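Biologist: Please take me through this chain one piece at a time. I will ask, and you reason it out.

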Amino acid sequence: MTLRWLTLSLLGLVLWASPAEAGRLTSWQFDNRANQLRFTTDDGVQPTAKLIANPARLIIDLPGTILSRPTVTQRVGGTIREVRIGQFNASTTRLVIELAPGYTLDPERVEFRGTSDRQWQVTLPPPERIDLNQSPVTGLDNFQVTQNGFFVRLAELAQPQATVRRSGDRKEIAVSIRGNRIPDNLQDQTILINRYGVDTIRFEPDVIRLTVAADGPDWRAAVSRAGIAIVPSGGQVLNGDRTTVPLPSDEQVVQIPVPPPERITPPQPTANPGDFRVPNSRILTTIDPGHGGRDPGAIGIGGLQEKDVVLPISLEVARILSEAGVSVLMTRSDDRFISLQERAVMANRARSTLFVSIHANAISMSRPDVNGVETYFFSSRSRNFANTVHQSILNQIRIGNRGVKQARFYVLRNTAMPSILVEVGFVTGAQDAPRLADPAFRDQMARAIADGILRYVSDNY
Ligand code: ZN
C-alpha cells in the first residue's frame, strides 16, 4: 500500500476557501512525475525563494498571502520527502519542498514561471546525492538553535539577569544581559538564522540582537546559571529539552531569483453580497471525480465517456465550494488514473470533513429508456448527507429520480467521514446522455450538488 502511495504521481489538488479580503493561497499541487509544484493565489503575488541545507529544502515565500487552513504536509516519497504549506508569519505563506536525507538540488536549475501573478509553477531539477565527505559543519560552540528557539551558553557560571526590548520599528529584539557575559568566541559574530522568523542573531559583549520580521512574534528570555534560552512569547522552554537543530550557516542558504510574472491579473469585481458563504473554512470536502486516465468508466451514447462527464462537474463543484468558504481536496483534477484505494487514502489522510464521489451511470445500450439521478451512501451517518444533496439536485434540475440508496461502494466503505456517491444520470439514457454532454447542463448539475453540500455543511457544522 505504501508503495502504491509513493508511486502516485500527483498529490491532491487542494483548493482552499478564499474569503474576499485578499491574498490567499487558493490551491496547490505537487506533480511528482514532472517534479513540479504549481500553486494559485486569489491575488497577485511575487514569490521569493531560497534553498537551505540540512536537510535540503526549497523555501518559497508568498508575501502578502495568507492561508485559511492550518499547516498541511503531504508526503511525496522518493528523493523528495514532503511538501509543507504553512503560515510563516502574519502576512506570509511559506511553501517548503523538503528533500530526502542525503539529497540536494542544484539551485541554479530551479525554474520559476508565473504564467500570471496568480498562477505559478516551480520546476525542480532531479535531486542529486550529497557528497557526505564535504558536508559543512553545523553548529557553534556556546550557541544552539533548538526546537524551541535559541540557547546561548554564557561565559561564567552565575545567574544572569536579562531584559528583552523590541525596537520601535519591530525589526529588532535586543536581549540585554547583566551579571554574566557572552562567551568570547561568540562576540561580534553575526549568525544567519533563517528560522522561526529570525533572520540573524548578533552577539555583543552584553547584548544579543535578533533581527526579525516586523510582524513576527515577540520573544522572551529565560535564564539559568547554564545560560540563556531565547524563545517566542507563548512558546515554552522545557528545562533540559535542548535538542539541537542544525544551524544553517551562510553558505548553506542560496537565494533563488524569481522572475516577475508574465501577466498581471486586473483586479476582480468582488463577489455578490448575496452569495452563500460558509464562515468555517476549516471544513474540508473531498471531491472525487470517478475514473480517469486508462479507466474511462461507463461509455454511452455517441461514445460519451463517464470520466469526461464527471471531471468538469467536479471541478465546478470545487470552484463553487471554495468560493463559498469551504475548502476542497480533489482526488484528481485532470484526466489520470487513480485507484479507489488512493482516493480513500487521500481523503482520510487530509482528515476531510466530507467526501463526495461523482459518477455517471450506465446500463445496456438497449435500454435508452433508463434515465435519472441516484445518490448512494453506505454508513447510516451518511444518509442525511445523501438525502440533502439528492434533494438539492431534484429541486434545481428536472431529471428522473431513482432515489437515495445504500450500497457497499469501496470509496464509501473506506472513508472515515460522511461520504456519498452521486450518479448524475445515465450516459446510456436517451434523455440524460445529450444533457451530460452539454457543458451548460453540467454546470447546472455542479451548482445543484454544490448547493446541497453547502446546505448540509451549514446545517451540521
Ligand atoms: Zn463510475
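**From one loop to the whole chain**

Biologist: Which two strands border the loop where P47 is found?
Modeller: Strands here are DSSP runs of E with at least two residues; helices are runs of H or I with at least four, and both are numbered from the N terminus. One bordering strand covers 36–41, the other 48–52. P47 is found in the loop between β3 and β4.

Biologist: What kind of model is this?
Modeller: Residues count from 1 along each chain as its sequence is written, and side-chain values use heavy atoms, with hydrogens and water left out. Local features need pLDDT of at least 70, side-chain atom pairs count only at pLDDT 80 or more, totals for chains, interfaces and linings use all residues, and the model is predicted.

Biologist: What pLDDT does the protein chain average?
Modeller: pLDDT is the predictor's confidence in each residue, from 0 to 100. In this chain, 84% of the residues score at least 70. Residues 132–139 are below 50, and residues 247–251 also stay under 50. The average for the chain is 82.

Biologist: Buried or exposed: which is P47?
Modeller: Buried means under 20% relative accessible area, exposed means over 50%, and partly exposed is in between (1.4 Å probe, protein chains only). P47 has a relative accessible area of 2%, so P47 is buried.

Biologist: Which residues does P47 touch beyond four places in sequence?
Modeller: A contact means heavy atoms within 4.5 Å. Residues up to four places away are not counted. That leaves F39, I60, D61, L62, P63, W120 and V258.

Biologist: How many strands does the protein chain have?
Modeller: The chain has 461 residues, and 52% of them are buried. Its secondary structure includes seven helices. The strand count is 29.

**A sheet of five strands**

Biologist: In what order do the strands of the open sheet come?
Modeller: Two strands pair if DSSP finds at least two bridges between them. The sheet has five strands with antiparallel pairing. Its edge strands, β15 (161–166) and β17 (190–195), each pair on one side only. The order is β15-β16-β19-β18-β17.

Biologist: Which residue of β18 is the bridge partner of I191?
Modeller: Strands of a sheet pair through backbone hydrogen bonds, either parallel or antiparallel. Here β17 and β18 (198–203) pair in the antiparallel sense over four bridges. In β18, the partner of I191 is I201.

Biologist: What is the phi of R170?
Modeller: R170 lies in the loop between β15 and β16 (172–178). R170 is partly exposed, with a relative accessible area of 36%. Its phi is positive although R170 is not a glycine. The value is about 65°.

**The nonpolar cores**

Biologist: Which element gives the largest share of the largest nonpolar core?
Modeller: A nonpolar core is a set of buried Ala, Val, Leu, Ile, Met, Phe, Trp, Tyr and Cys residues joined through side-chain atoms within 4.5 Å. This one has 43 residues, and V317, V424, I449 and I453 touch the most other members. Elements giving two or more residues include α2 (306–323), β26 (354–361) and α7 (439–460). The largest share, 10 residues, comes from α7.

Biologist: How many residues are in the second, separate core?
Modeller: The second core includes L51, L62, V72 and W120. Its residue count is 31.

**Around strand β24**

Biologist: Buried or exposed: which is D288?
Modeller: D288 is placed in strand β24. Beyond four places in sequence, the contacts of D288 include T331, R343 and V411. Its relative accessible area is 1%, so D288 is buried.

Biologist: In which loop does H291 lie?
Modeller: H291 has a positive phi of about 60° although it is not a glycine. At 17% relative accessibility, H291 counts as buried. H291 lies in the loop between β24 (284–289) and α2.

Biologist: Which residue with a positive phi follows α3?
Modeller: Helix α3 covers residues 340–349. Its buried residues include R343, A344 and V345. After this helix comes a phi near 50°, and the residue is R351.
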